[in-house]
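Visitor: I would like a close look at a single part of this model, the sheet, set within the chain as a whole. Please take it step by step.

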Amino acid sequence: MEQAFELSRSIDAHLGSMQHTGERAIGGVTSGLIGLGETVTWRARHFGIPWTMTSRITEYQEHDRFTDEQVSGPFRSFRHIHLFEPLERPMGAARTIMLDDITFSAPLGPLGVVAEHLALTRHLQRLIRARNRWLADALRQAQ
């Protein structure tokens with residue numbers, strides 16, 4: 001669980017998992033581990049458009065959970081809770097379940113609501129799945 005937690009708050013791991021978006025850390029904590037109260041500014045290309053978003057770690061409970069929230073960027077609001085729970089297996093090694101709870105709202109009022117339903121929700125789900133596959137592979141390789 002500790003390894004999954006640490007890897008999930010690694011800026012370098014995030015960059016590795018989001019290589020396909022050309023994502024870069026351009027401000028705040030740009031490498032290593034991010035912690036409570038710290039910010040990171042990301043630049044990436046989504047839907048063919050360059051985006052810049054600054055997030056702050058607003059909650060932090062070592063090895064169990066942390067939350068990042070948008071300080072500035074493309075969303076009206078964006079909050080991502082990262083949860084880590086042990087999964088005990090009889091006669092086997094302990095495993096960790098990583099859960100992502102993301103709440104967001106797009107700007108532009110009713111037009112933003114349409115964008116959320118037509119594209120943004122699915123896009124974010126695909127990004128999180130890809131990131132979590134990357135993290136799981138990295139954890140397996142480290143063992």
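Visitor: Before we turn to the sheet, what radius of gyration does the protein chain have with its 143 residues, and what value would a compact globule have?

Guide: This is a predicted model, in which local features need pLDDT of at least 70 and side-chain atom pairs count only at pLDDT 80 or more, while totals for chains, interfaces and linings use all residues. Residues are numbered from 1 along each chain as its sequence is written, and side-chain values use heavy atoms, with hydrogens and water left out.

The protein chain has a radius of gyration of 16 Å, which agrees with the value near 15 Å that a compact globule of 143 residues would have (taken over C-alpha atoms, with the globule rule of 2.2 Å times the number of residues to the power 0.38). The C-alpha trace spans about 50 × 30 × 25 Å along its principal axes, and 37% of the 143 residues count as buried (under 20% relative accessible area, with exposed meaning over 50% and partly exposed in between, for a 1.4 Å probe and protein chains only). Among contacts (heavy atoms within 4.5 Å) with a separation of 6 or more, 35% link residues 24 or more positions apart.

The chain has three helices and six strands (DSSP runs numbered from the N terminus, H or I of at least four residues for helices and E of at least two for strands), and from the N terminus on these elements follow the order α-α-β-β-β-β-β-β-α. The six strands form an open, antiparallel sheet in the order β1-β2-β3-β4-β5-β6, where pairing requires that DSSP finds at least two bridges between two strands. At the edges stand β1 (24-28) and β6 (95-105), and because each has a single partner strand, one side of each is left without a neighbour in the sheet. Neighbouring strands are turned against each other by 25° on average, direction ignored (axes are lines fitted to C-alpha atoms, for helices over the stretch in contact, and angles run from 0 to 180 degrees between N-to-C directions).

At the β1 edge, four bridges join β1 to the antiparallel strand β2 (residues 39-46), with Ala25 having Trp42 in β2 as its bridge partner. Helix α3 (residues 109-142) packs on the sheet and touches β2, β5 (77-87) and β6, its direction making about 155° with that of β6.

At the other edge, Ile97 lies in β6 and is partly exposed, with a relative accessible area of 31%. Neighbours within four places in sequence aside, Ile97 is in contact with Leu83, Phe84, Glu85 and Leu87; its C-alpha atom is separated by 6.5 Å from that of Leu87, 10 residues apart along the chain.

Two loops next to strands of the sheet deserve a note on backbone geometry. His63, in the loop between β3 (49-61) and β4 (65-72), has a positive phi of about 70° although it is not a glycine. Leu108, in the loop between β6 and α3, also has a positive phi, near 75°, in a residue other than glycine, and at 64% relative accessibility Leu108 counts as exposed.
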